[in-house]
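Welcome! Let's look at this structure together and ask how its labels are earned.

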Amino acid sequence: MTTAISFSLNCDCPARVVPGTVVRQRAERREAVLGDGTNWEELLARANRGDGAAFGRFLTAVTPSLRAVIRARGAALPPDQHEDILQEVLLAIHLKRQTWREGSPVRPWLYAVARYKVVDAFRRRGSAVHLPIADFEDVLPDEPPPAPLASRDTERMLCQIDARSAALVRAVAIEGQSAEAAGEGLGLSAGAARVALHRAMKRLSAIAVGMGK
Amino acid sequence: MTGSLTTDELISALSKSPPPPRFRADVAALAIAMAVLACVGMFWLVFGMRADLAGQLAVPMTVLKSLLPLSIGAMALWLAMSSARPEGRVLLWVLALPAGLALLLFGMRALSVPEGQLVRELVGQAAVPCLVSIPMLSVVPLAVGLWLLRRGAPTRPVVSGALVGLAVSAGSAAGYALHCSEDSPLFFVVWYGLAIAISTTAGALAGHRLLRW
């Protein structure tokens with residue numbers, strides 16, 4: 001795209017250099033700027049004109065800032081839901097990317113979209129804020145022994161997730177250990193055990209929904 | 001929501017998706033204005049304009065009866081379009097100018113009206129047709145406007161919906177005014193205002209349901 005015309009206009013370039021070299025150096029410098037994530041405008045403009053690779057790079061470039069915003073706001077939610085919210089924001093950026101006006105700065109647009117989706121995501125999860133079951137173990141009465149059929153279902157479901165998660169779920173849900181204690185046996189820190197348990201539960205509930213059909 | 005997709009997988013999938021249709025605020029505004037004109041035009045065809053229209057166009061108050069709602073409609077349309085972009089500024093206060101002028105006309109007439117005339121001018125002859133016609137004329141343009149705005153990204157769906165409702169009903173009122181032979185501001189500020197408020201509320205309610213994304 002950068003042509004010999006702009007090369008000849010550039011007065012501070014060395015006098016005796018093969019033009020191609022300069023153009024290539026220039027292109028590399030521009031790549032560096034883009035890789036830095038400082039020129040989001042150009043990436044999104046190219047993306048909106050149909051350049052899928054540019055859109056991929058744009059999303060990759062903005063993801064760290066979005067993740068930071070979500071983490072800062074979402075202390076009340078477990079970290080694995082942060083990634084779900086991030087994905088919702090990325091999806092919205094795709095669906096609404098044509099509402100950004102080429103030639104205007106991307107950041108105000110991007111943060112307005114992200115803000116809207118993040119607020120929306122937290123509000124929707126607000127009615128069902130996740131709390132680890134361990135917080136309630138002193139309050140909740142012991143559950144009655146499960147019906148034989150239900151336990152067979154559980155075993156079938158546990159066979160469909162990975163062994164470590166299954167062991168964790170067995171320890172917590174069936175043998176009644178706390179997530180922390182169960183995680184310790186499996187070499188997980190307390191936080192990691194809670195996250196792993198939550199994820200396993202989510203996968204199990206998806207499997208259960210599938211079995212119920 | 002997005003299942004077990006990792007964020008990198010999502011980005012790669014999104015970068016392979018074609019860009020969504022562009023949001024063109026100017027095209028949308030024109031389409032909404034055309035929809036209002038079409039509905040008002042049909043109303044004129046069926047119910048006719050007032051018989052003394054040619055002579056009345058020299059009377060400032062009669063002209064203001066159309067011009068005031070027309071200016072409110074144009075402002076609201078512009079505001080609705082800027083509210084369709086996430087980073088857009090919505091300068092709602094500009095609406096205070098025509099609204100203030102309407103109240104001023106109302107107040108001045110209320111102070112100058114002859115004894116015993118006030119209630120008669122306030123109630124008028126055609127309050128019910130006015131209250132029915134303006135909201136009815138607004139239904140189709142409101143639907144068109146909300147449908148077009150769904151392509152935008154309004155971060156305040158209720159405000160955006162209300163602005164579309166205000167734009168189309170004020171436009172309809174400006175057209176209806178050429179049919180209506182009540183020229184006292186005591187009449188038209190109250191009844192046109194009420195009719196416009198009905199459609200604006202409908203727009204806000206519809207926006208709450210239809211403009212979220």
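Q: What makes B:D26 count as partly exposed?
A: This is a predicted model, and in it B:D26 has a relative accessible area of 47%. Partly exposed covers the span between under 20%, which is buried, and over 50%, which is exposed, so B:D26 at 47% is partly exposed.

Q: Why is the pair B:D26 and B:R24 called a salt bridge?
A: The cut-off for a side-chain nitrogen of Arg and a carboxyl oxygen of Asp is within 4 Å. The side chains of B:D26 and B:R24 meet at 3.2 Å, N to O, so the pair meets the rule. B:R24 is also partly exposed, at 40% relative accessibility.

Q: How do you know that B:E121 is buried?
A: Its relative accessibility is 12%, and buried means under 20%, so the label fits B:E121. Its salt-bridge partner is B:R109, with the closest N and O atoms 2.5 Å apart. B:R109 lies in helix α5 of chain B and B:E121 in helix α6, so the bridge ties together parts 12 residues apart in sequence. B:R109 itself, at 27%, is partly exposed.

Q: Why is A:R49 called exposed?
A: Exposed means over 50%, and A:R49 has a relative accessible area of 60%, so A:R49 is exposed. A:E102 has 49%, which is not over 50%, so A:E102 is partly exposed.

Q: What makes A:R49 and A:E102 a salt bridge?
A: Their side chains meet at 2.7 Å, N to O, and the limit is within 4 Å. The pair links distant parts of the chain: A:R49 sits in the loop between α3 and α4 of chain A, and A:E102 in the loop between α5 and α6, 53 residues apart.

Q: Which residues are linked in a network of salt bridges?
A: B:R50, B:D52, B:K65 and B:D183 are linked in this way. Over all chains, the whole structure has 11 salt bridges.

Q: How many salt bridges does the rule find across the interface of chain B and chain A?
A: Zero. The rule does find eight residue pairs in polar contact there. The side of chain B that touches chain A has 15 nonpolar, seven polar and six charged residues. Together the two chains bury about 2600 Å², 62% of it on carbon and sulfur atoms.

Q: Which residues touch the most other members of the largest nonpolar core?
A: They are B:M81, B:I134, B:L163, B:Y176, B:F187 and B:Y192, in a core of 49 residues. The residues that B:Y176 touches include B:F43, B:I134 and B:Y192.

Conventions:
Residues numbered from 1 in each chain as written. Chains lettered and ligands numbered in written order. Predicted model: local features only at pLDDT ≥ 70, side-chain atom pairs only at ≥ 80, totals over all residues. Heavy atoms only, no water. Buried area = accessible area lost by both parts, 1.4 Å probe. Polar contact = N/O pair within 3.5 Å; in protein donor to acceptor, adjacent residues only side chain to side chain. Nonpolar A, V, L, I, M, F, W, Y, C, P; charged D, E, K, R; others polar. Core = buried A, V, L, I, M, F, W, Y, C linked by side-chain atoms within 4.5 Å. Buried < 20%, exposed > 50% of the residue type's maximum accessible area, 1.4 Å probe, protein only. Contact = heavy atoms within 4.5 Å. Helix = DSSP H or I, 4+ residues; strand = E, 2+ residues; numbered from the N terminus. Lists of a residue's contacts leave out its neighbours within four places in sequence.
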